[in-house]
Amino acid sequence: MKARVIAAQLGMVVLAGSLFAGCGSGASGKSAAGQTASETQKESQTLTEEDQTSGNAADTSAQASQNSSGKTEAGNSEEGQKRSPAASGGNETSALLAADDFFTDRDQEQTADTSAAQEISVSDGQDVEITQEGVYVISGSASDVTIHVNAPDAKVQLVLDGLSISNEDKPAVYVEDANKVFVTTAGSTTNTLTVTGAFQADGDTNLDAVIFCKSDLTLNGQGTLKISSAEGNGISGKDDLVMTGGTYEIEAAADAIEAHDSVNISDGLFTIKSGKDAIHSEDSDDDTVGSVLITGGDFQIQAGDDGIQGTTVTQIDGGTFDITAVEGIEGTLVQINGGTISISASDDGINAAEKSSVYSTPVIAFNGGDTTIVMGQGDTDAVDSNGAIYVNDGTIDITAQMSSFDYESEGQINGGTVTVNGESITQMPAGMNGGGPGGMQGGGMQGGMRGGRPGGQ
């Protein structure tokens, strides 16, 4: 299900608010959304299936232009109310994505009700077939086993209770059809899922992950889940992927955690080593989806490409991050609202690129948090935007021999504390088309064109 499409107007609202903030108003400046109610209704997010089921379609569209908080209301589900995000109300310091839109009450529950659960012990060469809604406690150690969920419209909870599966060419967990699946690690247990070779397709479905899910997927719990994928992804979700608790050790040749519509993490301990991206949200057939929201958790990331990448919005509200990657954090709109972030990168530390057709201008905004970026040698940028960069609040400490901030349209420091190569700065260095002082400020070349290449590539 295409659960959420962020409104196209969102990027314009952020940019307009930031432009207004630059006219002497500081980080708290606001501007009008610059859009009529009818335009808002037309361009706002598509309705979720939950909205349609609950009969709120008309109300949701109207609410997008009327709700002063910039949020729309969706239907209620048994797991708790979910809302679909809309424009941020003209304040560029407002969160682009709201946690309530992505995490249900049941997502946040770290234990399962096992009073009526079915208990299953795995055996070598015998797949586990789950076709009905319910809670399933799965344990044991086996090889050549897939937990196969094919339960249309059902909610299924898999409780891993000391489970170990090793396969050569197929997922340990394959969700072919369901309304939603929960994978919950039981407290004080260690669970290990391994695929040692190349994945085999299931008809037209390219199975490419140790946990492969074609529906909404939530991972939570109080135990440990170890995932190893020698030639593919660790966890792949084709809709929304949510993680709210547990300890995860993931090593994958490709992406460690990836989903089409969104990746949303509120808590957990993560140790990730990936050949490509550590956390990735993208649908190659639809560039209007693919967001990443992280509100908490502890992340130790080593990535062969990007540490965290989203197609539309990549937003960090909290958590602790130690990222070593080619690029640390990437999206079309990147918003840092909180957290303690340490990035060591060999290309771009934080990058906003034109990845989604629903936004006219890539934007990086710092509204809080403590961000440290150390760049490798060569043609590198610590903070690089194909559009604009705004520092409204937070602490940013950059070590960069070449470029600290690189942008094409506008760069502003409206608040916060910014240090470049040990020197405090209060004015944004010049980008390719940006204003302000250029040259060797802060101990390095700040922005501009280097070696004939425009910034933000």
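## Thr 314 and its surroundings

Not counting neighbours within four places in sequence, Thr 314 is in contact (heavy atoms within 4.5 Å) with Val 292, Ile 308, Gln 309, Ile 329, Glu 330, Gly 331, Leu 333, Val 334 and Gln 335. The model behind this picture is predicted, with local features needing pLDDT of at least 70 and side-chain atom pairs counted only at pLDDT 80 or more, while totals for chains, interfaces and linings use all residues. Residues are numbered from 1 along each chain as its sequence is written, and side-chain values use heavy atoms, with hydrogens and water left out.

Thr 314 belongs to strand 20, residues 313-316; strands here are DSSP runs (E, at least two residues) and helices are H or I runs of at least four, both numbered from the N terminus. Is Thr 314 buried or exposed? Its relative accessibility is 0%, so Thr 314 counts as buried; the cut-offs are under 20% relative accessible area for buried, over 50% for exposed and partly exposed in between, with a 1.4 Å probe and protein chains only.

## Polar partners of Thr 314

The side chain of Thr 314 has backbone partners in two places. A polar atom of this side chain lies 3.2 Å from the backbone nitrogen of Gly 310, and the side chain also reaches the backbone oxygen of Glu 330 at 2.8 Å. Glu 330 is also among the contacts of Thr 314 listed above.

## Parallel strands around strand 24

Let us turn to strand 24, where pairing requires that DSSP finds at least two bridges between two strands. Strand 24 (residues 363-375) pairs with strand 22 (residues 333-336) in the parallel sense over four bridges. Here Val 334, one of the contacts of Thr 314, stands opposite Ile 364 in strand 24.

Strand 23 (residues 340-352) also pairs with strand 24 in the parallel sense, over six bridges, and Ile 343 stands opposite Ile 373. Strand 24 runs parallel to strand 26 (residues 388-399) as well, joined by 10 bridges, with Thr 371 opposite Ile 396.

## Ile 425 in strand 30

Strand 30 covers residues 423-425 and includes Ile 425. Ile 425 has 4% relative accessibility and therefore counts as buried. From Ile 425 to Ile 413 the C-alpha to C-alpha distance is 8.8 Å, with their positions 12 residues apart in sequence.

## The chain as a whole

Five helices and 30 strands make up the secondary structure of the protein chain. Of its 457 residues, 58% are buried. Among contacts with a separation of 6 or more, 52% involve residues 24 or more positions apart.

Note on methods: Polar contact = N/O pair within 3.5 Å; in protein donor to acceptor, adjacent residues only side chain to side chain.
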